[in-house]
Amino acid sequence: MTENGMWLLFAAIVVVIVFVSVLFKRKFTVHELAITGIMAGLSLVAYLYLRVPFYGGSSFHLGNTFVALTALLLDGVSGGLAGAIGLSLADILAGDPGYAITTFILKFLIGITCGLVAHKVFHLKDLNPNEHRTAYLLKVIASAGSGLLLNVITDPFLGYFRNVYIFGHEDSVAAALSKIAGGVTFVNSVVSTVCAVILYLALRPALARILQKKR
């Protein structure tokens, strides 16, 4: 695929994701926009400056931590947009617009999944962290891990088609790169889950106090 074609495809995906976001949630509050923007910036920094590259374009990084964290603190759409924007922009700044296409989709899926599990299944915002602490901690871990571990499956899957149809690799090469990506993504997901849980437990009380004052 030509570079112009990649940019057109990326633009189309952005439009679709934004449209889906509107369907999920029609408006954002000021504090939600602020937190989402900060988390997008942190995910970009974590990817560009705190990563270890591997063969075939894969890399170990902590950018996904802030996707899950935003979803836990706010909701799935906010988390998905923070990761999609921040990490896609990181790919573009790194000179990899082809990767940005799949990154935008993958990070949005991480955020949506984490948000659905956290707020629709476990209703974390309604729980008291000081009651049934073990059960609460397990729910936080499951919420963060849900989207990040889903990424272990979706990243190599979409990566295979990206490598074949965007980068023009042969099937055998694309399959080998997907296997490498799967292993690296698994390590990323486990470490990012741990980091997201620690940060969430530290930040949730402060965010709750801020929201309480606004009421």
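Trainee: In which helix is the place of Ala 144?

Mentor: The model we are examining is predicted, and every assignment discussed here should be read with that in mind. In this model, the element that holds Ala 144 is helix α6.

Trainee: Does Ala 144 count as buried or exposed?

Mentor: The cut-off for the buried class is under 20% relative accessible area. Ala 144 has a relative accessibility of 0%, and therefore it counts as buried.

Trainee: Which residues does Ala 144 touch, not counting residues up to four places away in sequence?

Mentor: The chain places Ala 144 and Ser 189 45 residues apart, while their C-alpha atoms are separated by 9.4 Å in the model. When residues up to four places away in sequence are not counted, those that Ala 144 touches are Ala 68, Leu 72, Cys 114, Thr 193, Ala 196 and Val 197.

Trainee: Where does Thr 65 lie, and with which residues is Thr 65 in contact, leaving aside its neighbours within four places in sequence?

Mentor: Thr 65 belongs to helix α3, and because its relative accessibility is 1%, Thr 65 counts as buried. Once its neighbours within four places in sequence are left aside, the contacts of Thr 65 are Ser 192, Cys 195, Ala 196 and Leu 199.

Trainee: Which helix supplies the largest share of the largest nonpolar core?

Mentor: That core has 29 residues, and those with the most contacts inside it are Met 39, Leu 69, Leu 72, Leu 73, Leu 124, Val 140 and Tyr 200. Helices α2, α3, α4, α5, α6 and α7 each supply at least two of its residues. The largest share, 7 residues, comes from α3.

Trainee: How many residues are in the other core that lies apart from it?

Mentor: Leu 81, Ala 84, Phe 104 and Phe 108 are among the members of this other core, which lies apart from the largest one. Its count of residues is 6.

Trainee: What pattern does the chain follow when read along the sequence?

Mentor: The chain contains 7 helices and 2 strands. Read along the sequence, these elements follow the pattern α-α-β-β-α-α-α-α-α.

Trainee: Among contacts between residues at least 6 apart in sequence, what percentage join residues at least 24 apart?

Mentor: For the chain as a whole, 46% of the 215 residues count as buried, and carbon and sulfur atoms supply 70% of the exposed area of about 11000 Å². Turning to contacts between residues at least 6 apart in sequence, the portion that joins residues at least 24 apart is 75%.

Conventions
Residues numbered from 1 in each chain as written. Predicted model: local features only at pLDDT ≥ 70, side-chain atom pairs only at ≥ 80, totals over all residues. Heavy atoms only, no water. Core = buried A, V, L, I, M, F, W, Y, C linked by side-chain atoms within 4.5 Å. Buried < 20%, exposed > 50% of the residue type's maximum accessible area, 1.4 Å probe, protein only. Contact = heavy atoms within 4.5 Å. Areas by Shrake-Rupley, 256 points an atom, 1.4 Å probe, with all protein chains shown as cover.
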